[in-house]
Each structure stands twice: as structure tokens, then as C-alpha cells.
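User: Could you take a close look at the ligand site for me? I'd like to know what lines it and which atoms make the polar contacts.

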Amino acid sequence: MSAATKRTVAGQADAARGRLDLHRVTKAYGQGRFSKTVVEDCSLAIEPGRLNVMIGPSGCGKSTLLRLIAGFDRPDAGAVTVDGSPVRGPSSDRLMVFQESALFDWMTVYENVAFALRAAGRSSRDIEPLATDVLERVGLATFGEKYPGQLSGGMQRRVELARALINDPAVMLLDEPFRGLDAMTKGLMQEYFLRLYADNPRTVVFVTTEIDEALLIADRLIILSNAPARVRRMMDIDLPRPRSAATLYEDDRANDIKREAIDILHEEARKSFRGALGDSLARSKDAS
Ligand code: ADP
Ligand code: MG
């Protein structure tokens, strides 16, 4: 069976693949006295086939960690491995979905989705069933001939998901994928994402700054420290599914987890205030 046929039939990455390990990773940007350590001695083990949500204060290094896993950046020290092999660069097996739209405005939805496979030299005949299948899976079967500018924000994000899914990557890295959407659309996208995931399980690292979004999505919550990023706490979120904002709101355990996570996040955010604005403001925040 060719890879293409297999993918159309199975439509999901091998659940046993996609184990991620960061071993004592350090990453700094800039040179000399302008150098800034963004990730320091960070170790993290991510089991395959789960929804991992990474949360941390703004600027703490979340996108940097995703870029290291994606292979866009290399660590200065330590190692990032996928299924035991060191990450040496980007791969279609580890795909990133960005917070800002990365769609090509001048290409149709279909061509946007087909782009990566075309670039990899696959034939139109090979691509057609795959592109049709993923557009169906994200509920955009009849929108292939539209241009991104003709779609709503939520639909554009679904094209982004389709564009990643067509490669059937073992690992999907989502960097605040629903940021900037209005609250209603964001809620629908979260629900939609979870349904899509249930049919297409794989290793996901989903970055957010919002605890409600994190609890809705996570099998496992990774709370990061203030910059430089390290793992501050890992929490298994074994709340029942399907979850919704309403069920979480009424669930005592969900509220306990939320309180615990918020306490840690506030503590870390206060440290960044201390760093940026000096001790006086941080003390006044502590007192409040
Ligand atoms: P987050 O995604 O958690 O908001 P980032 O990983 O984007 O944080 O950034 C962490 C810190 O690293 C920020 O202070 C940011 O300014 C800095 N940074 C990120 N990328 C670069 C880069 N390419 N060059 C210099 N500084 C960078
Ligand atoms: Mg970021």
C-alpha cells in the first residue's frame, strides 16, 4: 500500500510515535552583553499520542520551546529528541500551526492545503484524494476554490489545521492557534479542535496563555516558569470528556486544578514584574 493510500484510509499518525524529550535544554538569543537566556536547563518528557498543553506567562519562552521542538532553532546546550533521534531541523513529521495566519492570500484554500505536498514533488493525482479528505475533515469540503480573504477567522484557522493534517505528522505543535478570535468563535474552534483530535489522535503540544482553554483541551498540563523557561509543574488533567466551558465551570475538581494552576502562574508572572519593573511594584502586587 502506498503511503498516500494508507494515509487516506487511516488518516492518523501512528499513535506509538511522537515521543518528545528535552534534555537540559538551554537557548539564548543575542551576543555578548545583549545575550538573553530564554530557556535554561529545561527538561521535559512528552509521551506519544496525548494532548499536552503548555502554559506560562507571556514572554516566558513558550514559542521558543516550540521552535526548538519543530527544529526551526537549535539549542545552545542540551538535546531535543523525537522518538530517541535528535532533532536536526524542521520535518513534515513535526508541524507547527502558528498564532498568526500563515496562509497564502493569493492561493485558493485547496492550493494552500496542497502546497506542502506539491513542494515535496507529489503529483496532482496523488494529492487530490488527500486534500479532499482533509478539507472534509475540517468541514471545508465546499470551500476549496475560495481564497483565504473570503473566509471568516475561524474558517481560516481550520484551513491552517487542514494544511498541517495533510502531512499526517506524528507531532503537531500549536502556538496559541486561536488567539485573536472573538470569544464565540474561539469557543467553537476549541470544541471543533477536540472533535478533530478524537478522530486524528497524535502527539500535540498546544501553547496557550489562558487557563480555561488549557483545562478544556489538556490531557496533561505543563506549567512553565517565568523566563528563562523551565518546567514548573506537570499536571495530569484526568477530567472526563467531552468537556465544555459549562461542565468545567460546575466541576469542583476542575476548579481545584484551575486554582492551583493560577496560583503558580501568578507567582511566576509576579517574578517577571519584579524583573521588569523593580521590587516596589512586585511588593505592592504581593500585598494585594
Ligand atoms: P512566549 O512565546 O512565551 O511569549 P517567546 O518564546 O516568544 O515567549 O520569547 C521569549 C523571549 O525571547 C522574549 O523575551 C523574546 O523577546 C525573546 N526572543 C524570542 N525570539 C527571539 C529572537 N529571535 N531574537 C531575540 N530575542 C528573541
Ligand atoms: Mg509566543
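Analyst: Sure, bearing in mind that this is a predicted model. Let's start with a side chain: Ser63 puts a polar side-chain atom 2.8 Å from an oxygen atom of ligand 1. On its own the ligand would expose 560 Å², and the protein buries 59% of that.

The backbone joins in as well. At Gly59, a backbone N or O atom comes to 2.7 Å from an oxygen atom of ligand 1, and at Cys60 a backbone N or O atom is 3.2 Å from an oxygen of the ligand. Both distances fall within the 3.5 Å cut-off for a polar contact.

Now zoom out to the whole shell. Going along the chain, ligand 1 has Tyr29, Lys36, Val38 and Pro57 around it, along with Ser58, Gly59, Cys60, Gly61, Lys62, Ser63 and Thr64. Sorted by class, that shell comes to 4 nonpolar, 5 polar and 2 charged residues.

As for which pieces of secondary structure are involved, strand E2 (36-46) and helix H2 (62-70) each bring at least two residues to the shell. H2 is the top contributor, with 3 residues. Lys62, Ser63 and Thr64 are the shell residues that fall in the 62-70 range of H2, while Lys36 and Val38 fall in the 36-46 range of E2. So if you're tracing the polar contacts back to the fold, the Ser63 side-chain contact comes from a residue within the H2 range.

Note on methods
Residues are numbered from 1 along each chain as its sequence is written. Chains are lettered from A and ligands numbered from 1 in the order in which they are written. This is a predicted model: local features need pLDDT of at least 70, side-chain atom pairs count only at pLDDT 80 or more; totals for chains, interfaces and linings use all residues. Side-chain values use heavy atoms; hydrogens and water are left out. A residue is near a molecule or strand if one of its heavy atoms lies within 4 Å of it. A polar contact is a pair of N or O atoms within 3.5 Å; within protein, one must be able to donate a hydrogen and the other to accept it, and residues adjacent in sequence count only if both atoms are side-chain atoms. Accessible areas come from the Shrake-Rupley method with a 1.4 Å probe; for residues, only the protein chains shown count as cover. Helices (H or I, at least four residues) and strands (E, at least two) are DSSP runs, numbered from the N terminus. Ala, Val, Leu, Ile, Met, Phe, Trp, Tyr, Cys and Pro count as nonpolar, Asp, Glu, Lys and Arg as charged, and the others, Gly among them, as polar.
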